[in-house]
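Thanks for coming. I have one model to go through today, so let us put it on the screen.

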Amino acid sequence: MSNVEAEPSAVRCGVRVDDRQRTAEPRVDVLSAREVPLGGPRAMPVRRTLPQRARSLIGAWCFADHYGPDDVSLTGGMDVAPHPHTGLQTVSWLFSGEIEHRDTLGSHAFVRPGEMNLMTGGYGIAHTEVSTPGTTVLHGVQLWVALPEEHRNTARDFQHYVPGTVRLDGAEIRVFLGSLAGDTSPVRTFSPLLGAEIGLAPQSEITLPVDTAFEHGLLVDSGDVRLAGTALAPAELGYVHPGADSLTLVNESDGPARTVLLGGTPFDEEIVMWWNFVGRSHEDIVRAREDWEASSDRFGAVEGYPGDRLPAPSLPNAVITPRRNPPRH
């Protein structure tokens, strides 16, 4: 799941939708998704909201793909051959379907709805992602977390976690990273983070206390949702700057709504992100690509996948420049 696009889409900022938005509510920037073909024989499309020109990260979250509901009989589903990662953690979260995961640690696990798989590819790891034969509809999110400088060459790791469900005020909340609504995930991260699925009953409203040091992003999967009074359509992501002590979510739909809330303290380091690598310089990326193409021990080998590794794409004919968020106001 790569990030090699040249023309990310624009941002719609600070939209005041109607008089229901109160002055005490935080400003919400609305980030629109762009469609990107994921690898595979029939290129399953995904909707990408991070990164883009207006915002590269939310906390340390540096990549967000949202896909489905995808009819596997038409698209062929997900079949991503062995590919490498550096300098990041991958977070897989499904709404429906099942994905088989294998990596160079020897991990063989399944991603299922309501269960989180987190893989750490610090200095280097490789893995495969394949939807299982029993999957008919594939639907979920694939997220990346940038590792801070002091940990970006950390050892490979894999964690699996099944969060419980917190039920309150017409909402069902599953906290897979960090803390929210009185629940805390035990999964280790390298910077303060929040990740949670929030389901909302029809015509319901909930206000959730949040950490004022965090910035937040709410990705809408389904339903007509308002975040702090700002309307968000499915596949849009609402961004809230640090300083908010609570977030109000309203489902204006006659059916249930589903969202994913991401958060974290602002990640103030510059990163270079190309293909499946996160580094700090163009040279970091060149070295990682060379190591992958040379089948270096840096990434190891994935056992059990019936096919070849993904070759690295060609580097651009220019120096890959670092990215960071715009200055905070």
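I will take the strands, then the salt bridges, and then some backbone details.

First, the ground rules. This is a predicted model, where local features need pLDDT of at least 70 and side-chain atom pairs count only at pLDDT 80 or more, while totals for chains, interfaces and linings use all residues. Residues are numbered from 1 along each chain as its sequence is written, and side-chain values use heavy atoms, with hydrogens and water left out.

Let me start with an open sheet. Four strands make it up, in the order β19-β24-β21-β22, with antiparallel pairing. Strands here are DSSP runs of E of at least two residues, helices are runs of H or I of at least four, and both are numbered from the N terminus. Two strands pair if DSSP finds at least two bridges between them. Which strands stand at the edges? They are β19, residues 205-209, and β22, residues 230-232; each has a single partner strand, so one side of each is left without a neighbour in the sheet. Neighbouring strands of this sheet are turned by 25 degrees against each other on average, direction ignored. For that value, axes are lines fitted to C-alpha atoms, for helices over the stretch in contact, and angles run from 0 to 180 degrees between N-to-C directions. At the β19 edge, 5 bridges connect β19 with β24, residues 246-251, and the two run antiparallel. Glu-205 is placed opposite Val-250 of β24.

Next, strand β3, residues 34-37. Its covered face carries Arg-34 and Val-36, and its uncovered face Glu-35 and Pro-37. Strand β3 runs antiparallel to β4, residues 45-50, and 4 bridges join them. Val-36 has Val-46 in β4 as its bridge partner.

One residue in strand β7, residues 88-96, is worth a stop: Gln-89. Is Gln-89 buried or exposed? Its relative accessible area is 0%, so Gln-89 is buried. The cut-offs are under 20% for buried, over 50% for exposed, and partly exposed in between, with a 1.4 Å probe and protein chains only. The side chain of Gln-89 has a polar contact with the side chain of Thr-120 at 2.8 Å. A polar contact is a pair of N or O atoms within 3.5 Å; within protein, one must be able to donate a hydrogen and the other to accept it, and residues adjacent in sequence count only if both atoms are side-chain atoms. Leaving aside residues up to four places away in sequence, Gln-89 touches several others, including Leu-118, Trp-144, Arg-188 and Phe-190. Contact means heavy atoms within 4.5 Å.

Now the charged pairs. How many salt bridges does the structure hold? There are 15, a salt bridge being a side-chain nitrogen of Lys or Arg within 4 Å of a carboxyl oxygen of Asp or Glu. One of them joins Arg-27 and Asp-29, at 3.0 Å from N to O. Arg-27 is partly exposed at 45% relative accessibility, whereas Asp-29 is buried at 6%.

Another salt bridge pairs Glu-215 with Arg-55, with 3.7 Å between the closest N and O atoms. This pair links distant parts of the chain, 160 residues apart: Glu-215 is in strand β20, and Arg-55 is in the loop between β4 and β5. Both Glu-215 and Arg-55 are buried.

Arg-280 and Glu-149 form a further one, at 3.6 Å between the closest N and O atoms. They are 131 residues apart, with Arg-280 in the loop between β27 and α2 and Glu-149 in the loop between β12 and β13. Arg-280 counts as buried, at 16%, and Glu-149 as partly exposed, at 40%. Salt bridges with shared partners connect Glu-149, Arg-152, Glu-269, Arg-280, Asp-284 and Arg-287 into one network. Arg-287 belongs to helix α2, residues 282-293, and is partly exposed at 43%.

Last, the backbone. The peptide bond between Leu-50 and Pro-51 is cis, with omega about -5 degrees, and Pro-51 sits in the loop between β4 and β5. Another cis bond joins Gly-68 and Pro-69, with omega about 0 degrees; Pro-69 is in strand β5.

Asp-169, not a glycine, has a positive phi near 50 degrees. It lies in the loop between β14 and β15 and is exposed at 56%. Ala-228 also has a positive phi, about 50 degrees, but Ala-228 is buried at 1%, in the loop between β21 and β22.
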